[in-house]
Amino acid sequence: MRIGIAGGGLIGRLLAWRCAAAGAEVEVFDAGAAGRCAPAAAGMLAPVAELARASRALHARGMESCRLWPRWLAEEDAAGLCVQRGAWLTAHGRDRGELERVADAIAAKVPDPDEHLIGYAGKELAEMEPALAGFERAYLLPAEGQVLVDEVLELLGGAAARAGVSWRDGAAVEEVGPGRLRAAGTDKRYDWACDCRGLGARPAQQLRAVRGECLHVHCPGLGLRRPTHVLHPRQPVYIVPRPADVYVVGATEIESDDPGPVTVRSALELLGAAYAFNPLLAEGRVVDARVGLRPALPDNEPALRVGDGELALSGMHRHGYLAGPACVSEALAAMGLA
Amino acid sequence: MAEDADHFAIAGRRLASRLLLGTSRYPSPAALADCVARAGPGLLTVSVRRSAGGGNAFYELLKEAGPPLVPNTAGCRTVAEACRTASMARELLGTNWVKLELIGDDETQAPDPFALVEAAEQLLREDYVVLAYCTEDLALCTRLAPIGSGQGLNHPERLALLRQRLAGSVLVVDAGIGRPSDAAAAMELGYDAVLLNTAVALAREPAPMAAAFRAAVDAGRTAYRAGIMPRHDMAQPSTLAPDIPVERYHPHKETQTQ
């Protein structure tokens, strides 16, 4: 089977690798890193926390991805790039109402709330996660975790190449049709043409950009072990540990297609929240600032559309790492490669 | 007898409903569109400040939802910032309407009344239709008339006084409404409309909650127009039963005297 893939970001890489690993002959057309949003994500696998806003379908895809990530990464001896120690859901004392609102909303939707949402308080919380000692109360979400974004993106590129995927760099795809990709004015024929572009798929798909900004802060001594959602009525943030004492503080969600650098306002909000999270972060160093434009459909959820010899995986929005493996697995099944 | 038509207009423009909706914090634009379909709001307020002109795709989705869009100046702290935002919004959305918000305190989001009056005056000179977000202070609202909006139902007697004293102005209750009964209560006081956002956006099921608020606003308005009976110190039986001794209505009194 011959498969042509438009887009070499997170989803394009995952799909190319899995198709090639399943025996297909795969060619990827990638416009380049310029508009890529995958590196600006924190890589959280938050199928439970997302239920506060997202559908049960996304939750199911997230749970499936939590199962697939370590399995797939293990094939490349890289299971360690997926860390599943659970995550925290918390809020400062005065935002307690927001914490309870979100916990209630999740509990109403998750199949087994007692298993997925475990309350910790006081000394017990401080022992479990010393970096959260300043918080009165937090919920542990044991199913959650993270993938290490930069390492995973690099690994997926390598894994695709090792599986025999041909890579066309700097080749933006102009059109995807049934069994057909059009790049640099030339039509290429395949058994399946797959559209894995993000915002590059505009205007064919009803996508809009949701700007996200995050900061990487180096802070030895903080010792936070699990990704933490800090709820707030207006500025919720997450703090996600990376290797070597770096923490990703993110992320804004702004209805805008402006790809420019992080604004002062956003930096103030993110760093203000970081400092309030734990004063140790005040002495941290901002070592990186990243911006991504998330491709979003009107319902803010990923969509797999399958036609005759063509399919599209689009609108990953904030959920590329969370829903990506499950969506790719569904795409493989649709092409008869499962 | 048929009821008189109950039209609602601001600055001469007829609006389809007395329920007005904000557009932030919904799970998605699609969820917001569902709520608009269920609530049939008279207008939608929208924040433009952070998009800096780059949010066109989002505004297009909002426009498709149907009701007129009114930009707000949410998060602005100074007169200059609010006026600049209003001007940007005018260009972006093609409207001279603006919901003027000037935050005086970050934590409570309470408005700054002094800056509000100054900004409102400036914007009115520039031909804006200004919906000013303020507290239910009588003197402040008198300065802001003809259009103002109140906050919350913490002080219903003050809201009632305001309604009475500014009988000819459009008064909208905004912010702090959590339940449909709050919205109905505001409408029962004779307020012209209710503007809400998070009570719908953060409901577990936003679309049915939007429908509930629509019904509440209709109920409150209809009740106000029908003339709500005045409150009495003691309950009055709705039907008199002259053959039953009056003492029968006071069983506790009898118990006490025994």
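Two strands count as paired here if DSSP finds at least two bridges between them. That helps with the sheet in chain A of this predicted model, so let's start there with a pair that has 5 bridges, E1(A) and E2(A).

**The six-stranded sheet**

Strand E1 of chain A covers residues 2-6, strand E2 of chain A covers residues 25-30, and the two run parallel. If you want a handle on the register, look at A:Ile5: its bridge partner in E2(A) is A:Val28. Getting from E1(A) to E2(A), the chain passes through helix H1 (residues 10-21) of chain A, and this β-α-β crossover is right-handed. H1(A) itself lies across E1, E2, E13 and E21 of chain A, and runs at about 165° to E2(A).

E2(A) also pairs with strand E9 (residues 166-169) of chain A, again parallel, through 4 bridges. Here A:Phe29 has A:Arg168 of E9(A) as its bridge partner.

Put together, the sheet is open, has 6 strands and reads E9-E2-E1-E13-E21-E20 in chain A, with mixed pairing. Which strands stand at the edges? They are E9 and strand E20 (303-306) of chain A; each has a single partner strand, so one side of each is left without a neighbour in the sheet. From one strand to the next, the twist averages 15°.

An antiparallel pairing is found between E20(A) and strand E21 (residues 310-314) of chain A, joined by 4 bridges. In that pair, A:Val306 stands opposite A:Leu311 of E21(A).

**Two helices that cross**

Next up are helix H2 (residues 56-75) and helix H8 (residues 320-334) of chain A, whose axes come within 7 Å and cross at roughly 85°. Angles of 65 to 115 degrees count as roughly perpendicular, so H2(A) is roughly perpendicular to H8(A). On the H2(A) side, the contact residues include A:Leu58, A:Arg61, A:Leu68, A:Trp69 and A:Trp72. From H8(A) come, among them, A:Leu322, A:Pro325, A:Ala326 and A:Cys327. Sorted by class, the contact of H2(A) with H8(A) has 9 nonpolar, 4 polar and 2 charged residues.

**Backbone oddities**

A few spots are worth a look if you're checking torsions. Two peptide bonds in chain A are cis, and two alanines have a positive phi; the table puts them side by side.

| Site | Feature | Angle |
|---|---|---|
| A:Arg202 to A:Pro203 | cis peptide bond | omega near -5° |
| A:Gly250 to A:Ala251 | cis peptide bond | omega near -15° |
| A:Ala244 | positive phi, not glycine | phi near 60° |
| B:Ala11 | positive phi, not glycine | phi near 50° |

Where do these sit? A:Pro203 is in the loop between strand E13 (192-195) and strand E14 (208-218) of chain A. A:Ala251 lies in the loop between strand E17 (246-250) and E18 of chain A. For A:Ala244, the place is the loop between strand E16 (237-242) and E17 of chain A. B:Ala11 is found in the loop between strand E1 (8-10) and strand E2 (13-15) of chain B.

Is A:Ala244 buried or exposed? The cut-off for exposed is 12 or fewer other C-beta atoms within 10 Å, and A:Ala244 has 8, so it is exposed. B:Ala11 has 13 C-beta neighbours inside 10 Å and therefore counts as partly exposed.

**A loop valine**

A:Val262 sits in the loop between strand E18 (254-255) and helix H7 (264-277) of chain A. It counts as partly exposed because it has 17 C-beta neighbours inside 10 Å. Leaving out residues up to four places away in sequence, A:Val262 touches A:Glu213, A:Ala267, A:Ala289 and A:Val291. Its C-alpha is 35 Å from that of A:Glu330, with the two positions 68 residues apart in sequence numbering.

**Where the chains meet**

Finally, the contact between the chains takes 14 residues from chain B and 15 residues from chain A. On the chain B side, the elements giving two or more residues are helix H1 (29-39) and helix H2 (56-65) of chain B. H2(B) gives the most, with 3 residues. By class, the side of chain B that touches chain A has 8 nonpolar, 4 polar and 2 charged residues.

Note on methods: Residues are numbered from 1 along each chain as its sequence is written. Chains are lettered from A and ligands numbered from 1 in the order in which they are written. This is a predicted model: local features need pLDDT of at least 70, side-chain atom pairs count only at pLDDT 80 or more; totals for chains, interfaces and linings use all residues. Axes are lines fitted to C-alpha atoms, for helices over the stretch in contact, and angles run from 0 to 180 degrees between N-to-C directions. Angles under 35 degrees count as roughly parallel, over 145 as roughly antiparallel, 65 to 115 as roughly perpendicular and the rest as oblique. Two residues are in contact if their C-beta atoms, placed from the backbone, lie within 7 Å. Ala, Val, Leu, Ile, Met, Phe, Trp, Tyr, Cys and Pro count as nonpolar, Asp, Glu, Lys and Arg as charged, and the others, Gly among them, as polar. A residue is buried if 20 or more other C-beta atoms lie within 10 Å of its own, exposed if 12 or fewer, and partly exposed in between; C-beta atoms are placed from the backbone. A crossover is right-handed if, with the strands pointing away from the viewer, the path from the first strand over the helix to the second runs clockwise.
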